[in-house]
Amino acid sequence: MSPADEIRELYAYNRWANARMLDAVAPLSHVEYARDVGGSFGSVRDTLAHMLGAEWVWLSRWQGSSPMGFPKWDTSSLALLRERWRQVEADQTAYMKRLRDEDLVGTVTYRNTAGTEFSNELRHLLRHVANHATYHRGQVTSMLRALGHEPVATDMIVWHREGAPGA
């Protein structure tokens, strides 16, 4: 498997894990979705909005722009958040389809939301984003438990055991 194919596989897993997590969140009431239960962003809604915004910001950076903040999308309902997530993932997938092995070792120069400039190899940025999502899915798992709901397994090995859907 080529390095670019490995990244595409990682993002197929990431899409699957995010979809499972969103399905696990679906039974929450509107009040539970927005309730502050602690963690980095307080609520399931705000944690998911952060995850989605981060995926959009990083995609923008890979494509040569440096947004100075997260988008102001309406994530007041899970349906609205999912609609926006589908679009970001579609754009991300289109980007991944164009990736070549040589692109992965290229350097991306961007500014973070505070305006500080950084340069990193694209392969490191791509892995960072998938790892970031894993971290926050773990937080959502804890929030679901705190709200009395069942989380779901989003481990990569589960994805492989299920035949790596979407790969």
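What radius of gyration would a compact globule with 167 residues have, and what does the protein chain have? I began with this because I was working from a predicted model and wanted its overall dimensions before any detail. A compact globule of 167 residues would have a radius of gyration near 15 Å, and the protein chain has 16 Å, which agrees.

**Entry: the whole chain**

I then looked up the extent of the C-alpha trace, which spans about 45 × 40 × 25 Å along its principal axes. The surface that the protein chain exposes comes to about 8,500 Å², of which carbon and sulfur atoms supply 50%. Buried residues account for 41% of the 167 residues. For contacts between residues at least 6 apart in sequence, I noted that 70% join residues at least 24 apart. On charge, I found 19 positive and 20 negative charges in the protein chain, and their mean positions are 2 Å apart.

**Entry: order of the elements**

I counted seven helices and two strands in the protein chain, and reading from the N terminus I wrote down the order α-α-α-α-α-β-β-α-α.

**Entry: helix α4 and the loop before it**

I went to Glu-89, which sits in helix α4, residues 78-98. Which side chain of opposite charge is nearest to Glu-89, and how far away is it? I found Arg-15 at 5.3 Å, and Glu-89, although buried, has no salt bridge. The cut-off matters here, because a salt bridge requires a side-chain nitrogen of Lys or Arg within 4 Å of a carboxyl oxygen of Asp or Glu. When neighbours within four places in sequence are left aside, Glu-89 is in contact with Arg-15 and Asn-18.

Ala-90 also lies in helix α4, but I recorded this residue as partly exposed, with a relative accessible area of 41%. Ala-90 and Asp-5 are 85 residues apart in sequence, and their C-alpha atoms are 17 Å apart in space.

In the loop between α3 (44-62) and α4 I looked at Gln-63, which counts as partly exposed at 48% relative accessibility. Beyond its neighbours within four places in sequence, Gln-63 is in contact with Tyr-95 and Arg-98. I also took the separation between the C-alpha atoms of Gln-63 and Arg-123, which is 14 Å for two residues 60 apart along the chain.

**Entry: salt bridges**

How many salt bridges does the count come to? I obtained eight, and I followed several of them individually.

The side chains of Glu-162 and Arg-20 meet in a salt bridge at 3.1 Å, N to O. Glu-162 lies in the segment after α7 and Arg-20 in helix α1 (residues 3-25), so this pair ties together parts that are 142 residues apart in sequence. I noted both partners as partly exposed, Glu-162 with a relative accessible area of 43% and Arg-20 with 23%.

Arg-45 forms a salt bridge with Asp-46, and the closest N and O atoms of this pair are 2.9 Å apart. Arg-45 counts as partly exposed at 23% relative accessibility, as does Asp-46 at 31%.

Arg-123, which I had already met in the distance to Gln-63, has a salt bridge with Glu-121 at 2.4 Å, N to O. Here too I wrote down partly exposed for each residue, with 28% relative accessibility for Arg-123 and a relative accessible area of 24% for Glu-121.

I found a network of salt bridges that links Arg-100, Glu-102 and Asp-103. Within this network I examined Glu-102, whose place is in helix α5, residues 101-104, and which counts as partly exposed at 49% relative accessibility. From Glu-102 to Tyr-11 the C-alpha distance is 18 Å, while the two residues are 91 apart in sequence.

**Entry: a backbone angle after α7**

What is the value of phi at Ala-164? I read it as near 50 degrees, a positive value in a residue other than glycine. I marked it because most residues other than glycine have a negative phi. Ala-164 lies in the segment after α7 (156-161), and at 16% relative accessibility Ala-164 counts as buried. In that segment I had also placed Glu-162, which by contrast is partly exposed.

Definitions and conventions
Residues numbered from 1 in each chain as written. Predicted model: local features only at pLDDT ≥ 70, side-chain atom pairs only at ≥ 80, totals over all residues. Heavy atoms only, no water. Helix = DSSP H or I, 4+ residues; strand = E, 2+ residues; numbered from the N terminus. Buried < 20%, exposed > 50% of the residue type's maximum accessible area, 1.4 Å probe, protein only. Lys, Arg positive; Asp, Glu negative; His and termini not counted. Contact = heavy atoms within 4.5 Å. Rg over C-alpha atoms; globule rule 2.2 N^0.38 Å. Areas by Shrake-Rupley, 256 points an atom, 1.4 Å probe, with all protein chains shown as cover. Charge placed at Lys NZ, Arg CZ, Asp CG, Glu CD.
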